[in-house]
Amino acid sequence: MNKFLQEIFRQYKVDFNKLSVYGFIFVNESYNFSTNILGEQMCLHLTIQTNESMQLQVFDLECGEEYTLYLAENASGVFVGEVRKELEKVLLDLRNKCFNKTIFKSKYALKLIDYVKSKYGDELEFLWEKSPNNAIWRRRDNQKWYCAMLTTKATSIGIDSDEYVELIDFRENADLIPNLIDNKNYFAAYHMNKKHWLTIKLDDCTLNFDTIKSHIDNSYALAKKK
């Protein structure tokens, strides 16, 4: 997903049932939408895959070539500014009509929220006004945290990307942590004590979901009042 799309749709989840009404055409496992902008000078083409990945292309109708200058951060000028403004207008309209706001939207994040609520009766607590996209779970008996769910730029955990990722921090046995870190699924704890906490990147996670549940259960036990 390019940076333009990422900024607009980062905390939104598509409602596929609304796309056809909006004008998308479903072909080969993807929803496709096109519209002209800037008085028929340019054409916007948006593809949304069934796995929710998105691709945006903008074409100059006069020469028939793809226009990408709007993505260049250092590009300035009246025309490129007008293109960005028109794209934002169309995409915000689409977001308002076909997307639902959600802080955590990865498959595993949503499943974990349901799992914790079902097993422990705990809801995510959003504690920080300056970090509204970060939350924690804590035990009711002693108020100790046993997990944190967060969104941050991938660079925060050592991945060379400006994309945002969803993470879960949890307590782990200190002797196991060094052997689990693979910088693919498991990472050194983000914003927590690295000796006693571990992080899993939930986006594109290849771990079995039962494995993640077992980490949550172990973390809950480790947070038990001594």
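The buried residues of helix α6 are covered by elements that include α4 (107–120), β9 (145–153), β10 (164–171), α5 (177–180), β11 (186–188) and β12 (197–201); contact here means heavy atoms within 4.5 Å. I should say at once that this is a predicted model, in which local features need pLDDT of at least 70, side-chain atom pairs count only at pLDDT 80 or more, and totals for chains, interfaces and linings use all residues. Residues are numbered from 1 along each chain as its sequence is written, and side-chain values use heavy atoms, with hydrogens and water left out.

Which residues of α6 are buried? They are F209, I212, H215, I216, S219 and Y220, where buried means under 20% relative accessible area with a 1.4 Å probe, protein chains only. Viewed down the axis of α6, these residues fall within an arc of 135°, so they line one face of the helix; the arc is taken over the directions from the helix axis to the C-beta atoms.

The helix itself covers residues 209–222, 14 in number, and spans 20 Å from its first C-alpha to its last, close to the 20 Å expected at 1.5 Å a residue. That expectation is 1.5 Å times one less than the number of residues. Helices are DSSP runs of H or I with at least four residues, and strands are runs of E with at least two.

At the N-terminal end of α6, N208 acts as a cap, with a side-chain oxygen 2.7 Å from the backbone nitrogen of D210.

I turn finally to the cysteines. The structure holds 0 disulfides, a disulfide being a pair of cysteine sulfur atoms within 2.5 Å. For C43, the nearest cysteine sulfur is that of C63, 12 Å away.

Note on methods:
Buried means under 20% relative accessible area, exposed over 50%, partly exposed in between (1.4 Å probe, protein chains only). A polar contact is a pair of N or O atoms within 3.5 Å; within protein, one must be able to donate a hydrogen and the other to accept it, and residues adjacent in sequence count only if both atoms are side-chain atoms.
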